[in-house]
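New to this one? Take a moment to look it over, then use the notes below as a quick tour.

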Amino acid sequence: SIYEMFGNECCLSTGEVIKVIGFKINKLIASICENNEVSRVSAKVELPLSFPGLYKVVADKTPYVSVEEITRKVSIGSTRFGHPCFYSSEDIKLANLTIKHGEQITFNLVEEVNGTMAVNCDVVRNNQSHSFTLPLSQEGKFYECEDDQIYTLKEIAEWKIPKCRNRTVKLFNTLHMWDDSNPLPENFDGCLILTPVYEVQAVMKFRKDIVHILSDLDVEVKDITDCYDISSFLQPLSLEDVFERTSKEFPMVAEIMEGPSGSQKPSNFLYTGKEIIIYKKYQATRILASEIRSDSPKRHFLIPMSYKGKFKRRPREFPTAYDLEIARSEKEQLHVVATKAFDSPHKDLFSVSVGDQFLVQQRQTTEVLYEERKKVIDVFTCEQILSDTYKKVLLPMYMEGDFVEVIHDKKQYQLSEICKEFPLPFNVKVSVRDLSVEEDVLAAVPGLQFEEEITDSYLLISSTSSPVESWEIPVYRLNMSVHLLSKEVQRVVPPATKTTVEEISEEQYYMVRRYENQTLHPPPRPPKKPT
């Protein structure tokens, strides 16, 4: 049987030995449900995994009948998405703990406990986590919990579609227009029922790449696992697999089996068949920055702390008075100008006109008369800048008005200085480009907002043939497979590291922000207008 896949002809001749290394969703068939009515399907369309947008997962209403069924069909492990949550329809009585019906159970890891396979789980009560194990033999009715996270279609295909089941999702954000004709209805606001179409991933005896075989290819095969030496096959590893290796196993030599595609490549030597040295794994700090512009889409960047350019400040915009309080710092007094009028309902509080300028001071409370009743509300004190004097005024914290910062600071800053001296978010523009790189992508951007400092996972690599410089490659944003070679690393100490500014897509931007903030509490809401 001869077939062509991704431009490569592959011959599966009689007697060919193939080692199946995995199953992967190749594409999705989406059943379109208007008005969120799952029972009413208006059309079916084919969606590639790269189809843009962010989606919310709808909890599956079909229960799992045992813990063992969950482990067979759902991804559980140390990955970011490997902690699914379920609840039982009945109480589960354990030796030292009773799990109440409806209580959210997080499944963390499948492991052997006293000779019995079990799942390491936990429940949270009064902000305290309680760990326990459930044997795979535990029966009952286990239902998926509601999931408030958002995902790309690719993430859903890889982690959120249980084996032998479909997945219903709701479109959360389109992000940007699809390049070709959009297969979804205009202004679509319903549900999609996703049915996966799989491909088989395999390695062959005399090939160094990964073979992708569609699951509907008409060939007959026979299982010979028990009577064949499978160690003679190459073992493909993803970057995540490499990262999970212990630090003692580094450095290592590897050959790329499947290189990153298109604009993903951080370096030109990352192609299939290339030998690389992987020196170490580590966590590195990046500044997440977005282009300042009123229209969309915005460009997004991850800036390494080693960036050698310099920045000048740009004015920040504050949509509410509450944002002024958040931005206020001890280092300097915040000077703003109002771009929106505000009429105060209280005689003791100030009414703002467009063009009024203020020096922001401090937060306090004050008593106001509201509908003939006295109420205590949050305000902050400001000094209104007049032509030849200053006037102390009170602005209510709930006030909705637009303010723009007035910048007096003309200094040029290094990235590390900004992170040390100012709270984020912070607006800047490049004043001196990074001369250590041929092209500084940030220099052409008229304005940047530094949003937050993040920590991400990287591997440090170089080419074996010319290890004059090493590169950081992101573990979770680069699709690449390698296999390890039993070669001795000639150079244990890595050469000079070349760090670059990484431009990320809008989907990756949302993913980075979600990973960074998933353990943080949301910011407090601004005070409401008294009622």
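What follows is a short briefing, grouped by topic.

This is a predicted model, and its secondary structure comes to six helices and 33 strands. The protein has 531 residues, and 44% of them are buried. Confidence comes up early in the notes, and then we go through cores, strands, cysteines and a few backbone oddities.

**Confidence**

- The mean pLDDT of the protein is 83, with 89% of the residues at 70 or more.
- Residues 517-526 are another story: the pLDDT there is below 50, and the stretch has five contacts in the model beyond near neighbours in sequence.
- Where pLDDT is low, the predicted coordinates should not be read in detail.

**The whole protein**

- Take the contacts between residues at least 6 apart in sequence: 68% of these join residues at least 24 apart.
- The accessible surface is about 29600 Å², and carbon and sulfur atoms account for 47% of that.

**Nonpolar cores**

- The largest nonpolar core has 26 residues, and those touching the most other members are L324, V336, V352, F358, F380, L395 and F403.
- Which elements give two or more residues to this core? They are helix α4 (321-327) and the strands β23 (334-338), β24 (357-370), β25 (373-385) and β26 (390-396).
- Another core, of 22 residues, lies apart from that one, and its members include I25, I156, L192 and L194.
- For a look inside the largest core, try V352, which is one of its members. Setting aside residues up to four places away in sequence, V352 touches A338, K340, A341, F342, F358, L395 and M399.

**Strands β7, β10 and β11**

- Strand β7 (residues 85-88) runs antiparallel to strand β10 (residues 105-113), and two bridges join them.
- One place to spot this pairing is C85, whose bridge partner in β10 is T106.
- β10 also pairs with strand β11 (residues 116-125), again in the antiparallel sense, over seven bridges. Here E112 stands opposite M117 in β11.
- How many residues sit between β10 and β11 in their hairpin? There are two, and N114 in the turn has a positive phi of about 55°.

**A buried glutamate**

- E255 lies in strand β18 (residues 252-258).
- Is E255 buried or exposed? E255 counts as buried because its relative accessible area is 7%, under the 20% cut-off.
- Beyond its neighbours within four places in sequence, E255 is in contact with K208, G273, K274, E275, S481, V482, H483 and L485.

**Cysteines**

- A disulfide is a covalent bond between the sulfur atoms of two cysteines, and a search of the whole structure finds zero of them.
- Why does C33 have no such bond? The closest cysteine sulfur, in C191, is 6.2 Å from the sulfur of C33, so the gap is too far for a bond.
- C33 is buried, at a relative accessible area of 0%, whereas C227 counts as exposed at 63%.

**Backbone oddities**

- Most residues other than glycine have a negative phi, and most peptide bonds are trans. The next few spots go against that habit.
- F250 and P251 are joined by a cis peptide bond, with omega about -5°. P251 sits in the loop between α3 (239-243) and β18.
- L424 and P425 are also joined by a cis peptide bond, with omega about 5°. P425 is in the loop between α5 (415-421) and β28 (426-432).
- N126 is not a glycine, yet its phi is positive, about 55°. You'll find N126 in the loop between β11 and β12 (128-135), and at 76% relative accessibility N126 is exposed.
- C164 has a positive phi too, near 65°. C164 lies in the loop between α2 (153-159) and β14 (167-173), and C164 is exposed, with a relative accessible area of 74%.

Conventions. Residues numbered from 1 in each chain as written. Predicted model: local features only at pLDDT ≥ 70, side-chain atom pairs only at ≥ 80, totals over all residues. Heavy atoms only, no water. Helix = DSSP H or I, 4+ residues; strand = E, 2+ residues; numbered from the N terminus. Buried < 20%, exposed > 50% of the residue type's maximum accessible area, 1.4 Å probe, protein only. Contact = heavy atoms within 4.5 Å. Areas by Shrake-Rupley, 256 points an atom, 1.4 Å probe, with all protein chains shown as cover. pLDDT = per-residue confidence, 0-100. Disulfide = S-S within 2.5 Å. Core = buried A, V, L, I, M, F, W, Y, C linked by side-chain atoms within 4.5 Å. Pairing = 2+ DSSP bridges.
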